[in-house]
Amino acid sequence: MDAFFRTHTYLIEHTNASVHRLLMNEIDWNDRLIGIKGTRGVGKTTFLLQYAKEKFGMNSDRKCLYINMNNFYFQGRGIDDFAGEFYEKGGRVLLIDQVFKQPNWSYELRRCYELYPDLKIIFTGSSVMRLKEENPELNGIVKSYNLSGFSFREYLTLQTGKYFDAYTLEEIIENHEQIAKHILPEVSPLHHFTGYLHHGYYPFFLEQRNFSENLLKTMNMMTEVDILLIKQIELKYLAKIKKLFYLLALEGPKAPNISNLANEINTSRATVMNYIKYLADSRLMNIIYPIGQEFPKKPAKVMMNNSNLMYAIYPIQVEQQDLMETFFVNALRQKHLVNEGSKPNSYIIDEKYKFRICDAENTKMRLNAETIYARYNTEIGRDNKIPLWLFGFLY
């Protein structure tokens, strides 16, 4: 136990989150069992350590402890057994990173919940995990949250050192002109927007390493660990999943030809659909349906989860319109339902708002009052024409 506390202290001392994530304020920390899901690379470990640092400081009196299930020690000892020793010695908050690496982790968390009523457990897991659907023993006792990559707002904070408020979708729709007037004197969004689209979503752009190589490594880990390990898929199918991902990425945002894809990777149509769902669950891709439809029906559109991934896959073929739609969908899907619209480059949000993503420099487009136009290549908007970058302020 002493060794774990030494590691905990070292990590807390060397944790310095460069931006305060809004999720920290949204979580009800009074709950006893909290799950934080998120795609690989978005900063879940830093999030846990920052929580420990903010709530308990450098000296937690051993009431709070961070552990990582990557540690081989846990191959010979269960979570519930370790938690029991921690609890008996006065521990009250146990932070468990990568909980899915432990066999039977959900049953052990249930035992901890039942045996140690004053113990709070906060754990991280992959976005592929479906905590309640696949782990019924956690129903009614776990509160689940999702940690996303950096928003454009958070990226601007990192780049400028200035704090910017987040806004709801309704606030942006109704007051975007006033909101922009508050932001533009502080920063030129378009000056930073291209950088965000290329490398701003994942926190490791802050590290002194090659971003593209780091992202490619992370993407491989998403398929090899998050999909294969958690979904219990045999290793021999890995090459098919990776090839499918590459083929979908090259196609850009469009309806997939499931039959052609099945032939390309030599598998069935049903398996292709399952693989696409796994890629979406791992936050490598987004799948868009018309209103009222969902998996396992064929999607209306399959697209990359975020713009950074587009540059990592095939940087010389990134189309501006595809890039901007990918940004819009990724920003909106964090808190809203996104469906396919009836016209090209259009989407319906929360089954209510009709949006179209378009270039502000295209003066020939016919506009109508029922559609909201998210326009790129402009910093300002008017009426139902909103600058696209502003949707990066939703969280």
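Start by selecting Glu 85 and Lys 89: these two form a salt bridge, and their closest N and O atoms are 3.1 Å apart. This is a predicted model, so keep that in mind as you click along. Lys 89 counts as exposed, with a relative accessibility of 55%. Now add Arg 77 and Asp 81 to the selection, and you have a network of salt bridges that links Arg 77, Asp 81, Glu 85 and Lys 89.

**Zoom out**

Show the whole protein chain as a cartoon. You should find 15 helices and 12 strands. The radius of gyration is 22 Å, close to the 21 Å that the globule rule gives for 395 residues, so the chain is as compact as a globular protein of that length. If you draw the principal axes, the C-alpha trace spans about 70 × 55 × 40 Å along them. Colour by accessibility next: 55% of the 395 residues count as buried.

**More salt bridges**

How many salt bridges does the structure hold? The total is 18. One to pick out is Glu 26 with Lys 335, where the closest N and O atoms are 3.1 Å apart. Glu 26 sits in helix H2 (residues 23–26) and Lys 335 in the loop between H15 and strand E8 (338–340), so this pair ties together parts that are 309 residues apart in sequence. Both ends can be seen from outside to some degree: Glu 26 is partly exposed at 43% relative accessibility, and Lys 335 is partly exposed at 49%.

Then select Lys 162 and Glu 186, whose side chains meet in a salt bridge at 3.5 Å, N to O. Lys 162 belongs to the loop between helix H7 (152–160) and H8, while Glu 186 belongs to the loop between H8 and helix H9 (189–199), so the bridge ties together parts that are 24 residues apart in sequence. Lys 162 is partly exposed at 34%, and Glu 186 is partly exposed at 41%.

**Surface patches**

Switch to a surface view and select Glu 170, Glu 171, Glu 174, Asp 350 and Glu 351, which form a negative patch. Glu 170 is in helix H8 (residues 169–183). Its relative accessibility of 30% makes Glu 170 partly exposed.

For a nonpolar patch, select Tyr 246, Tyr 314 and Ile 316, which make one of about 320 Å². Look for Ile 316 in the loop between helix H14 (307–313) and helix H15 (320–333). Is Ile 316 buried or exposed? With a relative accessible area of 72%, Ile 316 is exposed.

**Backbone stops**

Go to Phe 295, in the loop between strand E6 (285–288) and strand E7 (301–304). The peptide bond from Phe 295 to Pro 296 is cis, with omega near 15°. Pro 296 is also placed in the loop between E6 and E7. Phe 295 is partly exposed, with a relative accessible area of 28%. If you like distances, draw one from the C-alpha of Phe 295 to that of Ile 27: the two are 268 residues apart along the chain and separated by 29 Å.

Which phi values are positive here in a residue other than glycine? One belongs to Arg 62, with phi near 60°. Arg 62 lies in the loop between helix H3 (44–56) and strand E2 (64–68), and is partly exposed at 41% relative accessibility. Another belongs to Gln 232, with phi near 55°. Find Gln 232 in the loop between helix H10 (211–231) and helix H11 (238–251), where its relative accessible area of 66% makes it exposed.

Key: Residues are numbered from 1 along each chain as its sequence is written. This is a predicted model: local features need pLDDT of at least 70, side-chain atom pairs count only at pLDDT 80 or more; totals for chains, interfaces and linings use all residues. Side-chain values use heavy atoms; hydrogens and water are left out. Patches are made of residues with over 30% relative accessible area and no salt bridge: like charges are joined within 9 Å, nonpolar side chains (Val, Leu, Ile, Met, Phe, Trp, Tyr) within 5 Å. Accessible areas come from the Shrake-Rupley method with a 1.4 Å probe; for residues, only the protein chains shown count as cover. A salt bridge is a side-chain nitrogen of Lys or Arg within 4 Å of a carboxyl oxygen of Asp or Glu. Lys and Arg count as positive and Asp and Glu as negative; His and the chain ends are not counted. The place of a charge is taken as NZ of Lys, CZ of Arg, CG of Asp or CD of Glu. Helices (H or I, at least four residues) and strands (E, at least two) are DSSP runs, numbered from the N terminus. Buried means under 20% relative accessible area, exposed over 50%, partly exposed in between (1.4 Å probe, protein chains only). The radius of gyration is taken over C-alpha atoms; the globule rule is 2.2 Å times the number of residues to the power 0.38.
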